[in-house]
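Biologist: Please take one part of this model and walk me through it closely. I would like the charged pairings, then their surroundings.

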Amino acid sequence: MSAPVRHLRVVSLVEGASLLVLLLIAMPLKYAAGMPGMVRVVGMVHGVLFVAFVVALIRAATDADWHCGRTAKVMALSVVPLGMLAIDRELRRDRARDATAG
């Protein structure tokens, strides 16, 4: 597994965790407890991490010579809660496949 793909795995997990914090903690605090400040902070962090994810995805897709469909699939999974786990599983499968082939 190349360094850009490893970097994508890490960024994907962190970005996915920030999405869960936004959806499961910050949003309920905003609407149930009247605390909108948390959404501003967590939303900004999540936004920065999402941009980092897109950059990491482009680097990994270019480095690993992924086809457009695979890149689009990973991008689509990034906006689904817990999608980062599917991304991680797929990238780990690739690593295992590369290890047995090499």
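Modeller: A definition comes before the pairings. A helix here is a DSSP run of H or I, at least four residues long, and helices are numbered from the N terminus. Keep in mind that this is a predicted model.

With that, the frame is quick to lay out. The protein chain has four helices and zero strands. Its elements run α-α-α-α from the N terminus on. The C-alpha atoms fill a box of roughly 55 × 20 × 20 Å, taken along the principal axes.

Now the charged pairings. The structure holds six salt bridges. Start with E90 and R70. Their side chains meet in a salt bridge at 2.8 Å, N to O. This pair links distant parts of the chain: R70 sits in helix α3 (residues 68-78), E90 in helix α4 (residues 83-101), and their positions lie 20 residues apart. How covered are the two partners? Residues under 20% relative accessible area are called buried. E90 has 12%, so it is buried. R70 has 14%, so it is buried too.

E90 has another partner. K73 forms a salt bridge with E90, and the closest N and O atoms are 3.0 Å apart. Again the pair links distant parts of the chain, with K73 in helix α3 and E90 in helix α4, 17 residues apart. K73 has a relative accessible area of 44%, which means it is partly exposed. E90 thus takes a salt bridge from R70 and one from K73.

Next, a pairing inside one helix. D88 forms a salt bridge with R92, again with 3.0 Å between the closest N and O atoms. Both residues lie in helix α4, four residues apart, about one turn of the helix. D88 counts as buried, because its relative accessibility is 10%. R92 stands at 37% and counts as partly exposed. Step back to the linked bridges. Salt bridges that share partners join R70, K73, E90, D94 and R97 into one network.

What surrounds these charges? Two packed helices are described by the angle between their axes and the distance between the axes. The axes of α3 and α4 come within 7 Å and cross at roughly 145°. On the α3 side, the contact is made by R70, K73, V74, L77 and S78. On the α4 side, the residues are G83, M84, A86, I87, E90, L91 and D94. By class, this contact has six nonpolar, two polar and four charged residues. R70, K73, E90 and D94 belong both to this contact and to the salt-bridge network.

The turn between these helices deserves a word. L82 lies in the loop between α3 and α4. Its phi is near 70°, a positive value in a residue other than glycine. L82 has a relative accessible area of 48% and is partly exposed. The loop between α2 and α3 holds D65. D65 also has a positive phi, about 55°, although it is not a glycine. D65 is exposed, with a relative accessible area of 67%.

Away from the charges, look at the nonpolar surface. V21, L23, L24, I25 and M38 make a nonpolar patch of about 410 Å². Helix α1 (residues 3-33) gives the largest share, four residues. M38 is in helix α2 (residues 37-64). Its relative accessibility is 34%, so M38 counts as partly exposed.

One distance ties α1 to the rest. A3 is in helix α1 and counts as partly exposed at 46% relative accessibility. A3 and T71 are 68 residues apart along the chain, and their C-alpha atoms are separated by 17 Å.

Last, the whole chain. Buried residues make up 32% of its 102 residues. Of the contacts with a separation of 6 or more, 65% are between residues 24 or more positions apart. The accessible surface comes to about 6100 Å², and 71% of that belongs to carbon and sulfur atoms.

Notes:
Residues numbered from 1 in each chain as written. Predicted model: local features only at pLDDT ≥ 70, side-chain atom pairs only at ≥ 80, totals over all residues. Heavy atoms only, no water. Patch = residues over 30% accessible without salt bridge, like charges linked within 9 Å, V, L, I, M, F, W, Y side chains within 5 Å. Areas by Shrake-Rupley, 256 points an atom, 1.4 Å probe, with all protein chains shown as cover. Salt bridge = Lys/Arg side-chain N within 4 Å of Asp/Glu carboxyl O. Helix = DSSP H or I, 4+ residues; strand = E, 2+ residues; numbered from the N terminus. Buried < 20%, exposed > 50% of the residue type's maximum accessible area, 1.4 Å probe, protein only. Axes fitted to C-alpha atoms, helices over the stretch in contact; angles between N-to-C directions. Contact = heavy atoms within 4.5 Å. Nonpolar A, V, L, I, M, F, W, Y, C, P; charged D, E, K, R; others polar.
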